[in-house]
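Open the structure in a viewer and follow the stops below in order. Each stop says what to select and what is there.

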Amino acid sequence: MITRGGALLALALSIAAGCGGGQTQGAAFDEGWTNDNGAGIGAFQQRFAQTKVPVGADVAIGVVDKQTIVGAPLDGGAPWTYSHQLDGRPAVAGTVVVGLGAGELFALDAKSGKPIWKRNAGGLLRGAGDDGKTTVVSLMSTTGRGTTVLAVSHEGEVVRQVEDEAAIGVPAVVDGYAFLPWQGQYVTVYDLVEGKEAARVLLRTQVSRAFTEGGAIFFGEAGVTRLDDQIRLGPANKASTVTLPARELPGSPRWLPPGIDIPPVQSGAHDKIRLYARPAASGAPSIEGGRFAATYFRIAVGFDAQSGAIGWAYAHDADFLDGAAYAGGFALCDQKGNVTLLDAKSGGVAGKIALGKPLSSCVVQADGLTKAPVTGGPGLAEQLSKVVMMPEAEHVMIQKLLLREMAGLQDELVTKTLIDLASNPLTPPMLLEDSRKSLAARRNGVEYMLAALQKHYDFLTDVLRPPPVGPLADALAAMKEKRAAPLLGSHLNDPADTLDDAQRTAAALVQLAEKGETTALTVFFAHYRGAADDEMTTNAVVSTAQALVKLGASDVVAGALKDPYTSETVRTRISSIVKTPDKPKSGDGTQKKPEPEKKPAEKKPSEAKAGDKN
Amino acid sequence: MRPCSSLLLAIATLLPGTWASAQPKDKPTKPPAATVDLKPIQEKLKSADPQTVAQGLVDAKAAGAAGAPLAPSIEEILKKGATPPVDKAAIEALGAMATPSSSSVLRPYIRHRTPDVRRAAVRALGNTKGPEAIAAFKEGLRTEDGQVRGFSATGLGNLGAADAIPDLFLALDRSVTEAAAAIGQLCAPDDCEKFAGRLGRIGFDVMTSGFDPILFRQKPLPEEALIKIVGRLRELGTPEVSKYLTDVQSRWPANGSKKVKQAIDSAIPSIPGGAK
């Protein structure tokens with residue numbers, strides 16, 4: 001019996017001997033094909049089920065410039081360098097790296113960088129598949145329309161050349177069958193030996209890529225569909241398809257970029273903002289390890305693959321350019337030319353591989369790679385704290401999202417981080433507002449809060465943004481933390497704090513102030529009862545009046561009621577909280593308690609700056 | 001950075017007793033307090049009518065030092081507080097009276113949210129002086145308001161607050177130009193040398209505002225220290241230095257140190273473009 005591999009080799013040899021053939025046009029990509037409701041692909045799958053899908057190399061390759069590729073095995077082998085002009089980003093498939101430049105298509109051994117074959121070819125490289133014997137390459141024609149698919153044996157002979165007007169995405173190949181996705185919905189199983197379509201699957205999720213991973217064949221773009229006994233249900237949208245849970249992420253990251261696009265030499269934002277997940281090779285359709293990861297420039301975040309909940313966050317020192325999910329982790333390649341292996345469960349660093357040079361772009365393939373789990377690292381609160389404190393402006397959108405997630409954690413470290421963010425003059429306004437809001441709602445981390453209140457604006461020591469006094473006042477008052485009173489008192493008359501901070505400080509002092517705060521309250525009341533021409537100042541003055549009355553200094557407030565300098569708004573509002581001698585007493589002869597003043601609502605910190613009362 | 005002219009104006013305004021202002025010109029003598037009838041002013045200040053009080057404050061300010069007996073009434077207005085314009089007028093009146101006891105009432109006003117009020121307070125404290133004023137200036141040096149920082153630096157120099165020198169250096173390194181003159185007024189030889197170490201890093205016009213009080217102290221610094229300063233200037237060797245040393249040479253007192261004079265005389269021709 002002649003095996004398919006043998007037949008393919010024979011075909012290659014016959015072509016080499018000049019017997020011609022191997023060129024096919026048209027029929028395999030016939031748009032007039034009639035939906036057979038999965039019968040054809042079902043039958044093919046049954047025949048194919050026992051075929052062993054080879055495991056690809058675990059490797060990262062980087063493009064240094066338009067003529068230098070570097071590579072390194074992820075299991076720690078020696079890095080390599082190869083020079084060849086590049087018209088686009090190389091592809092990694094199976095055990096090879098495929099590149100195209102200066103009219104020459106070439107394949108390198110992915111682990112060693114040694115050339116395997118070269119051929120003249122035009123167009124631009126979309127992607128490649130490889131099974132260790134044959135490489136299948138999808139090339140966009142130089143006109144920009146149509147596709148050339150080349151099947152090249154590792155001996156360098158073209159086994160088959162298919163040309164069609166369809167845009168054929170990234171192919172896969174196993175045992176003489178090329179899997180060619182096209183028109184966003186079809187995958188043609190192309191028999192390279194026979195030179196004809198063996199079967200076709202119609203999928204109801206966007207598909208432009210075929211790939212092998214973990215010993216299985218997958219088709220995907222919007223989701224990933226496995227070639228298994230359910231593939232016949234593809235037309236009914238019931239094949240073994242897995243998608244990632246929809247969740248809010250900035251930059252609309254994709255799991256699989258469209259396979260008909262030409263990846264350029266230079267990475268762009270779409271490469272840096274990505275999702276990575278490894279579909280299960282067997283069993284129910286799912287994501288292996290239950291985790292997927294997102295990258296956003298220098299940040300990587302791990303999510304639960306079912307709920308979308310954040311599992312971990314990782315702050316890196318360079319933009320991530322590409323990556324791959326392996327069993328138990330994610331291999332992420334960065335602009336500095338390093339690959340970081342992150343544990344899928346904890347986000348801990350499981351390993352690092354250096355490619356040795358800064359990169360323009362990177363391609364990672366991880367198929368059989370495994371690493372020991374990493375445990376005992378920092379907890380989620382600490383990880384998120386580190387990420388939200390990253391200073392690079394391009395991270396703001398994801399930091400905003402992570403800040404919201406972090407604020408939901410009952411960890412005192414979160415309180416500290418919120419204080420740090422709200423005190424840092426470099427914190428972008430979008431995060432500042434959120435951090436202040438979240439801080440006001442905290443009910444733990446009192447010691448961090450008290451320590452923060454001890455700081456003031458200080459030009460000489462470069463404390464150029466005062467602590468978030470207002471939110472701290474709200475939180476400490478809600479926790480009835482009396483130790484905060486003298487600290488809040490010291491802030492009440494600090495013009496570097498915003499007016500919003502001042503009104504919230506005064507409101508907190510209504511609850512927390514003791515005798516020691518009388519001076520600060522009196523000074524504030526004296527300075528602003530005649531200057532209150534806005535709501536925040538008025539609120540603050542009224543609150544200080546309440547606090548003074550509570551502390552037994554009603555005479556100060558009563559005096560202000562009669563003083564011509566007191567603003568009318570203040571006079572109206574404080575008249576209800578102070579008992580003037582001519583006011584009637586309650587029935588039992590005691591003075592009525594002053595009506596509690598309404599606590600000022602949460603205000604935006606940007607509303608008013610210190611010193612703007614001209 | 002504030003222009004040097006405003007810096008020098010501030011010094012001229014707030015440092016009436018310093019050597020810097022005194023040396024080139026005749027030392028100004030304090031005019032004797034004129035006789036003023038304070039009773040009507042006092043009545044105005046006690047009035048329940050804000051306009052009458054405002055007029056009383058204007059009159060009190062005009063009375064200057066002679067109005068000192070009115071200070072307690074005005075302090076009372078500030079303790080109770082009024083409107084920002086009235087507060088400012090009261091502060092200016094106290095500043096004109098220059099009564100040291102007023103400093104404790106003025107001090108909280110350097111942290112007022114209304115810029116005009118806090119700036120008036122820091123100016124007034126330069127006249128009322130005393131430990132409360134020094135404490136206020138030390139606070140003022142740390143505030144967000146650049147004018148308050150500038151006046152505070154000047155005030156510290158004027159009031160001889162030598163313990164504020166470390167803070168004044170911090171301020172100078174953060175572009176509080178007025179700190180240069182204050183350091184020049186207050187520095188001991190080591191600190192003067194440290195100040196001279198800023199040559200080349202801080203604008204020369206700012207530096208000269210500190211060198212002048214160093215070189216022309218009423219009680220001169222040791223000759224060795226002054227010669228070092230002249231040496232530092234000579235090392236910089238710019239045309240600006242030459243011009244400045246020539247000016248210093250022309251103002252050097254007849255009874256001043258001969259050795260320092262000699263150092264200045266020999267420095268000038270050694271600087272390219274300097275006088276021969």
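**Stop one: a sheet in chain A**

Select strands 25, 26, 27 and 28 of chain A: they form an open sheet of 4 strands in the order 25-26-27-28, paired antiparallel. The edges are strand 25 (320–326) and strand 28 (349–354) of chain A, each of which pairs on one side only. From one strand to the next, the twist averages 20 degrees. This is a predicted model.

Now keep strand 27 (residues 338–343) and strand 28 of chain A, an antiparallel pair joined by 5 bridges. Where in strand 28 is the bridge partner of Leu341(A)? Pick Gly351(A), which is that partner.

**Stop two: the nonpolar cores**

Which residues have the most contacts inside the largest nonpolar core? Select Ala60(A), Ala331(A) and Leu509(A); the core itself has 186 residues. At least three of its residues come from each of two domains of chain A, domain 1 (1–30 + 43–377) and domain 2 (488–614).

Centre the view on Ala60(A). Leaving aside residues up to four places away in sequence, Ala60(A) touches a set of residues including Gly71(A), Leu74(A), Ala331(A), Val339(A) and Ile353(A).

Next, select Ile41(B), Met97(B), Ile183(B) and Phe216(B), which are among the members of a second, separate core of 76 residues.

**Stop three: the domains of chain B**

Colour residues 1–13 and 38–159 of chain B as domain 1, and residues 184–276 as domain 2, following the domain assignment. How far apart are the C-alpha centres of these two domains of chain B? They lie 36 Å apart.

Definitions and conventions
Residues are numbered from 1 along each chain as its sequence is written. Chains are lettered from A and ligands numbered from 1 in the order in which they are written. This is a predicted model: local features need pLDDT of at least 70, side-chain atom pairs count only at pLDDT 80 or more; totals for chains, interfaces and linings use all residues. Two strands pair if DSSP finds at least two bridges between them. Helices (H or I, at least four residues) and strands (E, at least two) are DSSP runs, numbered from the N terminus. Axes are lines fitted to C-alpha atoms, for helices over the stretch in contact, and angles run from 0 to 180 degrees between N-to-C directions. Domain bounds come from an automatic or database domain assignment. A nonpolar core is a set of buried Ala, Val, Leu, Ile, Met, Phe, Trp, Tyr and Cys residues joined through C-beta atoms within 7 Å. A residue is buried if 20 or more other C-beta atoms lie within 10 Å of its own, exposed if 12 or fewer, and partly exposed in between; C-beta atoms are placed from the backbone. Two residues are in contact if their C-beta atoms, placed from the backbone, lie within 7 Å.
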